[in-house]
Amino acid sequence: MGITRRFFSHWQNWLGLAIVLAFVLMAIFAPLLSPTDAETQTPNAQPYLKIPQPPSPEARLGTLPDQTSVFDSLIWGSRDALRFGVGVTAIVFLFGTLIGTIAAFFGGRVNTLLMWVTDSFLAFPIIAAVVFFQQVYNNLLVALLEQTEFAGYYSYVLRTPAIMETIKPLFTPLMKLNPTALAFALLMWMSYARVMNASVMSMKQMEFVLAAKVSGAKKFRVIFRHLIPNAIAPALVLAAKDVGALVVLQTTFSFIGLGHPTPWSSALLSGKDWIFSPKGIVMYWWVFVPITVALILFGVGWNLLGDGLIDAMNPRTVETN
Amino acid sequence: MISANNSMIILRRLFFSILRSVLTLILITAILYASLMVTPAETRASLYMPKKTSPRMTEEMYAKMLQDMIDKYQLDRPFPVQYLSWAGNLIKGNWGYSPNLQEDVLTGLTHRAPATLELTFYAIIIYFPLGLLSGVVAGNRKKGVADRLFRTTAFVATSLTPMILAIIMMVVFYITLRWFAPGRLGTAFSPLIEAESFNSYTGFITIDGLLNKNPALTLDALRHLAMPALTLAFAQWAILGRITRATVIEENQKEYIIAGRARGLHEWTLAWRYALGNAAGPVLTHTILSAASLMTSVFVVEIIFSYPGLSTVGVKSLALIPDAPSAMGFAIYSTLLVLILTSLLDFLKAVVDPRLREES
């Protein structure tokens, strides 16, 4: 059986693919599904209302306490989620794969050194990195506040023009960076490097690679034309699973106050106090159920897709799974 | 049994594992310090600040002090110079003063470490045996009822993020049943551990309560530990169980198991002594590699259940006033904990797995 046929022979894979496609379509057609962008929408005409409103024609899944529509947050949040998940995964995938392949290809000391660095990074908890980068970000922000008219608020920071000159060129690009994305990009590539390293190691002595080497192919060509395409399957599986896992982790972090808010996490946060209401928890279900379900489905969909890819690309593992 | 020669090999392994940890720590702190170099020199100067001498110190005086620090530690010099002098201070125990915690960073961290360790300890006690048990049972009855049940539960456990699990737990055990509560101690008991008559032997309130002959305190601490520990254990159990299951299935296909079965060894012996014994290596390796993500989960759960552990330092460092020393201290301290855990597990692996002793 071919890869595609094997992939479509399990209902779980269909489900995974359907969920992921649903989110992709939701992200693409967000302007059609909900004309108001959750980020720019203004609270409703009734600012005195501070209670989540039940589903109505204007807000199809009800509103949050600040009168923003849950439906809008859900739809537009899928854009942010996909952008974050796919973007960060692409970075770690490229970097990790490259490190793992280069280490395995050159072997010996290079391999030992690169893999040691990889293992070293494994000892650093990601939450500490998020806190740390957020701190760096805050410190830069304070430096900006100094320069503007808000100065005096943090006046214990020195006002030296020379320092501002050194920071300025770095400033604009750094402010655009998301601390969570930065932390993930720095600390999520190791599994790719390890997987790729093992995969290339087992492939390095195979005939087709040796043949390519003997026929005088350049190292660059051997790596990119022969080794990577043949050894990439496990890393691809990892990437599919990571897209969902990274978004779930990001939302969790921003729910507990670390990193920038996303539409999903800010919707969950603003509805947090309404989950347990005096009238029972089902009273204001729309403040947390839709977003929570979307988040779980996002993680599950990509996870199923990853599992399906394992089965499809490596028939032997069907037995153990 | 472990002979003298073998114990030498294990000790050598331990030594190299510690050496590797130290090198790792140097690499990570160097990267952290390098990232801090993009911020103005005042931020780095705050890493050396001692406790504010007087509460009446004006902001001008503080600014003057910062300027003195920049001059003293040459914070405009190149990276290696700055890093070395900072690392030297770190070893001396000067981790800076945190304006948000209102105390020295190192003291703040060491105060809170026992709470985190207690939570981690109870979570491990719950999930480690259960994970191994369900992994072996599911692996031996592949595609059976137990296996299907395990796989479904594990899938649910890994899909539910801690925050969703926390909401469910709070509704069931805190609001409805009133069994457990968030936080670390109830209001009736928290003054008790601050009292002079209370001797803190271990820092674990559950154990200290018994040692101080106050079982009610232990019970209250357990009541508060239950929700975070269970939340943590649930997800970790699923991960560990899956790894164990996969390794056991792999081991079961090997020839020594078939040979054992042919000789008439009991299935029980085969599963629990031979398959699990040989699966212990891969399982421990996986635990070593994911020690840092265990730490992350511990912190996430702590924050969700407002459990006052190490994560408080990290969260408070982000409150209002920029506070580089405590963010830095939090990062280094948690890395240190991960490295200690990793070394211990590595040692355990050498003791458990005879093959590793022979190799080197």
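This report covers the fold of chain A, the contact between chains A and B, and helix packing in chain B.

## Model and confidence

The structure is a predicted model. For the complex, the predictor gives an ipTM of 0.89 and a pTM of 0.87. Chain B has an average pLDDT of 85. In chain B, 95% of the residues score at least 70. Where pLDDT is low, the predicted coordinates should not be read in detail.

## Chain A: fold and burial

Chain A has 14 helices and zero strands. Read from the N terminus, its elements run α-α-α-α-α-α-α-α-α-α-α-α-α-α. The chain has 321 residues, and 45% of them count as buried. Contacts in chain A between residues at least 6 apart in sequence can be split by separation. Of these, 74% join residues at least 24 apart.

Helix H8 of chain A spans residues 179-187. Eight of its nine residues are buried, so the helix is largely enclosed by the rest of the structure. The buried set begins with Pro179(A), Thr180(A), Ala181(A) and Leu182(A). It continues with Ala183(A), Phe184(A), Ala185(A) and Leu187(A).

## Where the chains meet

In the contact between the chains, 39 residues of chain A touch 51 residues of chain B. Four helices of chain A each supply at least two residues of the side that touches chain B: H6 (126-147), H7 (161-176), H12 (233-255) and H14 (289-313). H6(A) gives the largest share, 13 residues.

What is the class make-up of the side of chain A that touches chain B? That side has 28 nonpolar, eleven polar and no charged residues.

## Chain B: H7 against H13

Two packed helices are described by the angle between their axes and the distance between the axes. In chain B, helix H7 covers residues 162-176 and helix H13 covers residues 291-304. Their axes come within 10 Å and cross at roughly 40°. Angles from 35 up to 65 degrees fall in the oblique class, so H7(B) is oblique to H13(B). The crossing of H7(B) and H13(B) is right-handed.

H7(B) makes this contact through Pro162(B), Met163(B) and Ala166(B). H13(B) brings Ser297(B), Val300(B), Val301(B) and Ile304(B). By class, the contact of H7(B) with H13(B) has six nonpolar residues, one polar residue and no charged residues.

## Chain B: H13 against H15

H13(B) also packs with helix H15 of chain B, residues 324-352. The axes of H13(B) and H15(B) come within 9 Å and cross at roughly 130°. H13(B) is therefore oblique to H15(B). The crossing of H13(B) with H15(B) is right-handed.

Which residues meet in the contact of H13(B) with H15(B)? From H13(B) come Ala291(B), Ala292(B) and Met295(B). H15(B) contributes Ser334(B), Leu337(B), Val338(B), Leu341(B) and Thr342(B). The residues of this contact divide into six nonpolar, two polar and no charged.

## Ile31 of chain B

Ile31(B) lies in helix H1 of chain B, residues 4-36. Is Ile31(B) buried, partly exposed or exposed? Ile31(B) has 15 C-beta neighbours inside 10 Å, so it counts as partly exposed. A residue needs 20 or more such neighbours to be buried, and 12 or fewer to be exposed.

Ile31(B) and Tyr83(B) are 52 residues apart in sequence. In space, their C-alpha atoms are 9.9 Å apart.

Definitions and conventions. Residues numbered from 1 in each chain as written. Chains lettered and ligands numbered in written order. Predicted model: local features only at pLDDT ≥ 70, side-chain atom pairs only at ≥ 80, totals over all residues. Axes fitted to C-alpha atoms, helices over the stretch in contact; angles between N-to-C directions. Parallel < 35°, antiparallel > 145°, perpendicular 65-115°, else oblique. Left-handed = near helix turned anticlockwise from the far one by under 90°. Contact = placed C-beta atoms within 7 Å. Nonpolar A, V, L, I, M, F, W, Y, C, P; charged D, E, K, R; others polar. pLDDT = per-residue confidence, 0-100.
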